Amino acid sequence: MSQEFSPIPSPETPVLPTDPLDHNVCLCFKVSIRKMQHFIEREKPKVPSQLSQCLDAGTGCRWCVPFLCKMHRQWTAGESMDLAVSPEEYAERRGAYKRAGVKHDPLTEQPTPPINP
Ligand code: FES
């Protein structure tokens with residue numbers, strides 16, 4: 001009996017899921033948009049920082065924090081939660097953010113404040 005194996009993707013070229021909700025909003029902790037949406041609907045967080053209780057989202061490199069805040073704002077306003085950026089661009093911009101060493105808010109391009117000023 002022969003089996004067909006799919007090629008193993010290179011770490012440099014990750015395979016992205018086809019359903020947009022399965023794309024990760026937090027790349028450090030692999031928290032998908034779907035997981036975050038379910039967390040928000042279930043827990044009804046009062047402030048965006050509570051989103052970190054969903055699998056530690058936003059507590060790694062902090063790239064996704066402005067996007068988590070945006071998702072919380074959209075939910076609070078009764079809007080659909082949408083990152084408004086393709087997963088490829090999102091990952092690419094996060095890579096640049098990590099390589100730069102200088103942290104900038106990915107939505108405003110302004111330097112991010114330190115966690116504990
Ligand atoms: S991408 Fe969410 S903490 Fe790094």
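User: What share of the residues of this protein count as buried, and what makes a residue buried?
Analyst: In this predicted model, 18% of the 117 residues count as buried. The label asks for 20 or more other C-beta atoms within 10 Å of the residue's own.

User: How many helices and strands are there, and in what pattern do they follow one another along the sequence?
Analyst: The protein has 3 helices and 2 strands, and read along the sequence they give the pattern β-β-α-α-α. Among contacts between residues at least 6 apart in sequence, 42% join residues at least 24 apart.

User: Why is Met36 called buried or exposed?
Analyst: Met36, which lies in helix H1, has 26 C-beta neighbours inside 10 Å; the cut-off for a buried residue is 20 or more, and Met36 therefore counts as buried. Leaving out residues up to four places away in sequence, Met36 touches Val25, Val31, Leu51, Cys54, Ala57 and Met71. As for Val25, it is 11 residues from Met36 along the chain, and their C-alpha atoms are separated by 8.0 Å.

User: Which residues of H1 are buried, and how do you know on which side of the helix they lie?
Analyst: The buried residues of H1 are Ile33, Met36 and Ile40. They cover an arc of only 65 degrees around the axis, and therefore they lie on the same side of H1. In general, an α-helix has 3.6 residues a turn, so residues three or four places apart point the same way. The buried residues of H1 pack against S1, strand S2 (31–32) and H2, whereas the face turned away from the buried side carries the exposed residues Glu41 and Arg42.

User: What makes Leu51 buried or exposed, given where its C-beta neighbours are counted?
Analyst: Leu51 is found in the loop between H1 and H2, yet 28 other C-beta atoms lie within 10 Å of its own. With 20 or more required, Leu51 is therefore buried. Its contacts, leaving aside neighbours within four places in sequence, are Met36, Pro45, Ala57, Gly58, Leu68 and His72. Leu51 and Met71, 20 residues apart in sequence, are 9.7 Å apart in space, C-alpha to C-alpha.

User: Why do Lys44 and Arg62 receive the exposure labels they have?
Analyst: Lys44 has 10 C-beta neighbours inside 10 Å, and since the exposed class takes 12 or fewer, Lys44 counts as exposed. Arg62 has 17 other C-beta atoms within 10 Å, a count that falls between the two cut-offs of 12 and 20, so Arg62 is partly exposed. Lys44 lies in the loop between H1 and H2, and Arg62 is found in the loop between H1 and H2 as well. Neither is a glycine, yet Lys44 has a positive phi of about 45 degrees and Arg62 has one of about 75 degrees.

User: Which residues of H2 are buried, and how do you know on which side of the helix they lie?
Analyst: In H2 the buried residues are Val65, Phe67, Leu68, Met71 and His72. The arc they cover around the axis is only 165 degrees, which puts them on the same side of H2. What covers them includes S1 and H1. Just after H2, Gly78 takes a positive phi of about 80 degrees.

User: Which residues touch the most other members of the largest nonpolar core, and which element gives the most to it?
Analyst: This core has 16 residues, of which Val25, Met36, Ala57, Cys64 and Leu68 touch the most other members. Strand S1 (24–26), helix H1 (33–43) and helix H2 (65–76) each supply at least two of the core residues, and H2 gives the most, with 4 residues. Ala57, leaving out residues up to four places away in sequence, touches Val25, Cys26, Phe29, Val31, Met36, Leu51, Ser52, Cys64 and Leu68.

User: How do you know how the length of H3 compares with what its residues should span, and why is H3 said to lie largely in the open or not?
Analyst: Helix H3 (residues 87–100) has 14 residues, which at 1.5 Å a residue should span 20 Å, and its end C-alpha atoms are 20 Å apart, so the two values agree. Of those 14 residues the number buried is 1, and H3 therefore lies largely in the open. Gly101, just after H3, takes a positive phi of about 80 degrees.

Technical notes:
Residues are numbered from 1 along each chain as its sequence is written. This is a predicted model: local features need pLDDT of at least 70, side-chain atom pairs count only at pLDDT 80 or more; totals for chains, interfaces and linings use all residues. A nonpolar core is a set of buried Ala, Val, Leu, Ile, Met, Phe, Trp, Tyr and Cys residues joined through C-beta atoms within 7 Å. Two residues are in contact if their C-beta atoms, placed from the backbone, lie within 7 Å. The arc is that of the directions from the helix axis to the C-beta atoms. The expected span of a helix is 1.5 Å times one less than its number of residues.
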